[in-house]
Amino acid sequence: MPRMTAARAAVEILRLEGATHAFGLPGAAINPLYRAMRDQGEISHTLARHVEGASHMAQDYTRAAPGNIGVCIGTSGPAGTDMITGLYSASAGSIPILCITGQAPVARLHKEDFQAIEISAIASSLTKMAMTVPAALGVATADPQATVVALSGDYDFQFMIEELAVGAQFNRPYIHVVVNNAHLGLIRQSQRGFEMDHQVQLSFENVNSPELGGYAVDHVKVAEGLGCKAIRVLEPDHIASALEKAKALMQEYRVPVVVEVILERVTDISMGGAGIATVVEFEELAQRDEDAATAIALLD
Ligand SMILES: Cc1ncc(C[n+]2csc(CCOP(=O)(O)OP(=O)(O)O)c2C)c(N)n1
């Protein structure tokens, strides 16, 4: 009997059922399926910004033409719970969609493990991944005297970014440091184990902000558009003065202040609890094109 992985079998079933496109975003628990989709090569994919967004995209994909099957894909834990809104909305409109989530190993369920939610028993879900903008606003609301500083990757920051307007409207000042590498950095690193670099780049040329040089979303403009203040930092030496300036802006305007720090696009971080002393640079860091380090190839 031919043998195949469960992920490969799932992709085969999708193909046999006529699915040709999926909306979603990768995470460690769903990377095996992404690997199988990449290998099979017949299901194209749109990288959504939020799993809930992906579920709504799937719904309207189904509606757009007879025979379409809207498929959305997310990792374990909150990705499943995020899809519930889209599922509910689709079923209320009698629109079929297929939601696929990753899952933690069964032995880790009910043990408060990272993103291990038994999605089939959805009622009492808890997660360790907070969306940083609303989390910081919650703290700033609970303790208005505290100096609240949030730290996000660019992708995390874009989850629920619209909530910044709440901080501006209700005067919940805090400092939000955004480290922008135009990548799903952690997932890119996790995909090294799958020997791929797939659906993790966020870079594009922003036609309104060519000065960003491919760093895609102009977080300064977005923050300002939502009524906040924002500063961009391009040099490590300017971080300290930018934080001082952010503090002054926060006190003057009583709104969230975003400090966007542009990072190198490709680097690895220390994983696990061993601490910053164990950070390993797997590759020479490319400072300039001429350095021709392996990392630079991924920047193109
Ligand atoms: C709901 C959900 N979907 C996907 C993931 C998987 N995930 C973990 S880290 C990460 C990328 C975060 O990118 P960014 O905020 O830019 O930080 P970086 O890793 O680049 O430092 C993703 C997609 C997750 N944790 N939760």
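Strands S3 and S4 run parallel and are joined by five bridges. Within this pairing, Val 71 stands opposite Leu 98 of S4. The model described here is a predicted one, and this pair of strands is a good place to begin looking at it. On its other side, S3 meets S1, again in parallel, through two bridges; here Phe 23 has Cys 72 of S3 as its bridge partner. Strand S1 (residues 21-24) is in turn linked to S2 by four bridges, and these two strands also run parallel. One partnership in this stretch is that of Gly 24 with Leu 47 in S2.

Taken together, these strands form an open sheet of four, in the order S2-S1-S3-S4, with parallel pairing. Strand S2 (44-47) and S4 are the edge strands, each pairing on one side only. On average, neighbouring strands of the sheet are turned by 25° against each other, direction ignored. Two helices pack on this sheet. Helix H3 touches S1, S2, S3 and S4, and its direction makes about 170° with that of S3. Helix H4 touches S3 and S4, and its direction makes about 170° with that of S4.

How much of S3 is buried? Five of its five residues are, so the strand is largely enclosed by the rest of the structure. In a regular strand the side chains alternate between the two faces of the sheet. In S3 both faces are covered, with Gly 70, Cys 72 and Gly 74 buried on one side and Val 71 and Ile 73 buried on the other.

The path from S3 to S4 leads through H4, and the three elements make a right-handed β-α-β unit. H4 (residues 78-92) has 15 residues and reaches 22 Å from its first C-alpha to its last, close to the 21 Å expected. The helix nevertheless has a kink of about 30°, centred on Ile 84. Its buried residues are Pro 78, Ala 79, Gly 80, Asp 82, Met 83, Gly 86 and Ala 90. Their cover includes helix H3 (51-64), strand S3 (70-74) and strand S4 (97-101). Just after the helix, Ser 94 takes a positive phi of about 55°.

A wider view places this region in the whole protein chain, which has 11 helices and eight strands. Of its 300 residues, 37% count as buried. Among contacts with a separation of 6 or more, 67% are between residues 24 or more positions apart.

Definitions and conventions. Residues numbered from 1 in each chain as written. Predicted model: local features only at pLDDT ≥ 70, side-chain atom pairs only at ≥ 80, totals over all residues. Expected span 1.5 Å × (residues − 1). Bend = angle between axes of the 7 residues up to and from the residue. Buried ≥ 20, exposed ≤ 12 C-beta atoms within 10 Å, placed from the backbone. Contact = placed C-beta atoms within 7 Å. Pairing = 2+ DSSP bridges. Axes fitted to C-alpha atoms, helices over the stretch in contact; angles between N-to-C directions. Right-handed = clockwise from strand over helix to strand, strands pointing away.
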